[in-house]
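Q: I have a structure to look through and don't know my way around it yet. Can you walk me through a few parts?

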Amino acid sequence: MVDPETRASAGQRLGTPETMAISTLAPGLKPPVMPPGRHITARVRMLDETEELFDISQRASGKVLFDMVCTHLNLVEGDYFGLELQDHRKMAVWLDHLKPIAKQIRRPKHCVLRFVVKFFPPDHAQLLEELTRYLFALQIKYDLACGRLTCNDSSAALLVSHIIQSEIGDFEETQSRQHLLNNSYIPDQMALIDKIMEFHHKHVGHTPAVSDFQLLEVARRLEMYGVRLHPAKDREGSKLSLSAAHTGVLVFQGHTKINAFNWSKVRKLSFKRKRFLIKLRPDLNQSAYQDTLEFMMASRDCCKVFWKICVEYHAFFRLFEEPKPKPKPVLFSRGSSFRFSGRTQKQVIDFVKDTEFRKIPFERKHSKVQCNSNSPLPSQRSQVPKESAKCAARERSSSPAKHHWKEPALVSAEDSPALRNRASPSSQPNGRGGDRHEEGGRATLSSNRHHQAAEPLNTEPVSSSPRLLGAAQGMVNGQSHANGGGHSPSPDGPQPSPLTSPLLNDAATRTDDEDEARRKRFPTDKAYFVAKELLTTERTYLKDLEVITVSFQSMMEKEEATPDSLKNVILSNFEPLFKFHTGFLREVEQRLALWEGRSNAHIKGDYQRIGDVMLKNIQGIKEMAAHLQKQSEMLLELEKACRASRKLEGLCRDFELQKVCYVPLTVFLLRPLHRLLHYKQILERLCKHYPPAHADFRDCRAALADVSEMVSQLHSSMLKTENYQKLLELKKDLIGGTDNLAAAGREFIRLGCLSKLSGKGLQQRMFFLFNDVLLYTSRGMTSSNQFKVHGQLPLRGMTIRGSEDEWGVPHAFTLVAQRQSVVVAASSLSEMEKWMEDIKTAADQAETSNGLTSELMASSMNDHKFLEDSALEPESEDDLSSSRSSLERQAPHRGNTMVHVCWHRNTSVSMVDYSMAVENQLSGNLLRKFKNSNGWQKLWVVFTNFSLFFYKTHQDDYPLASLPLLGYSVTIPTESENIHKDYVFKLHFKSHVYYFRSESEYSFERWIEVIQSATSGRGAVSSREEAPAH
């Protein structure tokens, strides 16, 4: 039992093991020796609003005080935190680790330092310690209360619901309402009480640790997460705010982000008097390039404070190790000598990984569970140990509810370990010291191994090993320490929390033993992996249906301009499909679980088959064929409605800019048709694998016959619908009289980049080939990045000939039309052959057809403007400078479409390639590794639309990043690359190299197959060996 006269430290109140030591020291080092001199008392306010006093020498550096705080908290990942104080100018600054305390704290008696989060990582899964995540949750709670973390009402209510779930446990209406009336978490909370309680009701069963994790998951997606605003003005005097983040420097107007400068694009940060300067690296892809951006701040001190923050953020998130100090000049010093001091994020992760450090598992308790027997309690009440409840009751009776600033315990650097261990969890009778119950918003962490833990994820961290847990108990920064009285790890204890599972953090790597055990645990039959492909792609398909049925439908319901006919046709077709495929996915998941032996293993039966599930559901889809035949009708209705309403057209354009709409909206509308092709491919592979006598062969063959019949019936309309969809997409990327681009009878053939020979030499142009006309364009200087049409060449009467010898330009050919001739050059021989073949075929067909007149843009452009590029007016400097203002929010643009990818990578794509891409879609888990990294990151990867889209899990609503594959090459790593793993393939383009690792030989071959369809395997002629020119 804790001595009543001795106040427990913050770390002891949280129940953390005493042997966790200091995070900012290198392995094997001891805390720094306190320098001689007069001592002062530093007051530090923790994140739980308690205050602690630290006795420290005036000559000691700021790092000594920070290390004392981390030691007091037993905090391992202290590098994410910092000590904030107000200097003599009343400005909030960070305590400098290199300067003496006396130079930073002028009046110690009147100065209170705040221990707060300093660096906000992009993904809270990178925080390996549950204690660290709890402290981050307290920071979010504080930012919400003070109005710093702004968000909409729905997000605010969801955040508060997770907070009260962690404090009082499961929902009970009377208790939850009373708790919200007594505690304020956000401004104007009263108006949202009902919404908060509605969310709280959905969190039943969430432990405090899981609630913290979910709180951070919601918070990290908010635009103001981790943002600390610094007032500034642009050159025009408009009021703005600047902030530093892990990605770079952000610019805000109010609470809206209007611009961002990535660290990779920033060449130099500096300040001169009141001016804060950002110098950017040259961007070869942008003509409107501005080298230096200038912001005015309130004073030189404000500039310097923000400059220091930027330096530290850049070093922590971008550098591999702490920057070395510059040598002192002999005579004169120029500029600031300030540098980042401490470990970078990579060093923090590597420290945990290299030293095989693992924490002792502990479980947080609800921090505000009432102990009054007359008050209703949630079901978690039984989890609080009786001794803790008695101790908490005794503390309440002997001390006020809120701690006054005069009460903190004094912590000295000279205190012996024995004195600091008096109230440690390891020294408590029966090992119950970690179960101390706390009030006032402080959560309790338990080191008791016999509590029920949350169900772990399907990944298995190494920390579950009892051997490593035992070793970790005696580890202090790599040193072995005695831990008398502590628990001996029990293999029967709870599994590690799901919060420690590897997601996107580079440190969470999987060992070879884990992979081998996992491969042995799951079936090895090829049919199993084919069925698993069905499962993974069905998950992605259902998410795509959800984009229309949930996100797009909610947008239409809010907009009065949306015609009822459009709402009805989309609702009546997609709602039944979404409901049906939800049940289909559930059946496939259950069958795979039985196949793997993960659930209901005691049930007898032959579940190692998928044909019966496929046959049943394909027959169900067959009954819904009427919905599949109306996809073209939906496209027509959407185009008609957008033509009639500019407002609706703008809303659809804005919807496509949302993260959830990761491919064009019209592509989502065609997903049901494309899914039939995937079913057909999967069934063909199963029928090819099974012998005729196999029990599953008959069902697979019957299902294949049904789906083949549907595909043949819809084939003609599918091709027409895909062509119409592509014309609508191209219409959005083109400006200059292309209103009737999607006219009846017009067919898209190829788009791509060619160099056009003019009086100014070879100029990059984007060409669009249709069955009646060839357009050539250049990327406009507008903020929308659309392609401006320069001219058109009718295909009727066109001839084509090679011109390499005539002009001395490699891969050049001449297009001879009725009124003009154009000389163009391709980036490679294969590209030239593709263009020449497609243009010749299209010109021959145009001679015999009586279709379009090719007067595509006659209404908006005069004939003489088509004759020569030199006749076109060049962009003026005013036009160029209009887009240079980096302080204005750029207008939404379609810079991620395949047209722009072709422009940047100097390649082309045909309609045949698009058709192949529709058939070659794939989803699943892959391990990704960068060229210079050590760890493998587990990601959910979706291949579609010539790109890889990366998610943390298949449950995410939108991708975190994407990788367009045009121009990339896919190969197998060589021995010199030292990738000694199975099933690894490499993607590389110029200096960009990525390694991906699949779980089986089947999935490895499938990923290679589909990626080759988007890289080297496109078109009639392979361009695998051809390197892109740009």
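A: The turns below go through a sheet, a pair of hairpins and a single residue.

Q: Before we start, what kind of model is this?
A: This is a predicted model.

Q: OK, the sheet. What is the strand order in the open sheet of seven strands?
A: The order is 30-29-28-27-33-32-31, and the pairing is antiparallel.

Q: Which strands are at the edges?
A: Strand 30, residues 961-964, and strand 31, residues 969-971, are the edge strands. Each of them pairs on one side only.

Q: And what is the average twist from one strand to the next?
A: The twist averages 35°.

Q: Back to strand 31: how many bridges does it have with strand 32?
A: Strand 31 pairs with strand 32, residues 984-989, over three bridges, in the antiparallel sense. Within that pairing, Val970 stands opposite Leu987 of strand 32.

Q: Different spot now. Is strand 7 mostly covered or mostly uncovered?
A: Strand 7, residues 239-244, is mostly covered, with five of its six residues buried.

Q: How do side chains point in a regular strand, to one face or alternating?
A: Side chains in a regular strand alternate between the two faces of the sheet.

Q: How many bridges join strand 6 to strand 7?
A: Four bridges join strand 7 to strand 6, residues 230-233, and the two run antiparallel. Ala232 stands opposite Leu240 in strand 7.

Q: What about the hairpin of those two, how many residues sit between the strands?
A: Five residues lie between strand 6 and strand 7 in that hairpin, where Gly237 takes a positive phi near 90°.

Q: And how many bridges link strand 7 to strand 8?
A: Strand 8, residues 248-253, is joined to strand 7 by four bridges, again running antiparallel. Leu242 has Val251 in strand 8 as its bridge partner. Strand 7 and strand 8 also form a hairpin, with three residues between them.

Q: Last topic, Val660. Where does it lie?
A: Val660 is in the loop between helix 19, residues 646-656, and helix 20, residues 665-669.

Q: Why is Val660 called buried?
A: Val660 counts as buried because its relative accessible area is 13%, and buried means under 20%.

Q: What does Val660 touch?
A: Leaving out residues up to four places away in sequence, Val660 touches Val547, Ser551, Phe668, Asp957 and Tyr958.

Q: And how many residues along the chain separate Val660 from Asp544?
A: They are 116 residues apart along the chain, while their C-alpha atoms are separated by 9.1 Å.

How values were computed:
Residues numbered from 1 in each chain as written. Predicted model: local features only at pLDDT ≥ 70, side-chain atom pairs only at ≥ 80, totals over all residues. Heavy atoms only, no water. Pairing = 2+ DSSP bridges. Axes fitted to C-alpha atoms, helices over the stretch in contact; angles between N-to-C directions. Buried < 20%, exposed > 50% of the residue type's maximum accessible area, 1.4 Å probe, protein only. Contact = heavy atoms within 4.5 Å.
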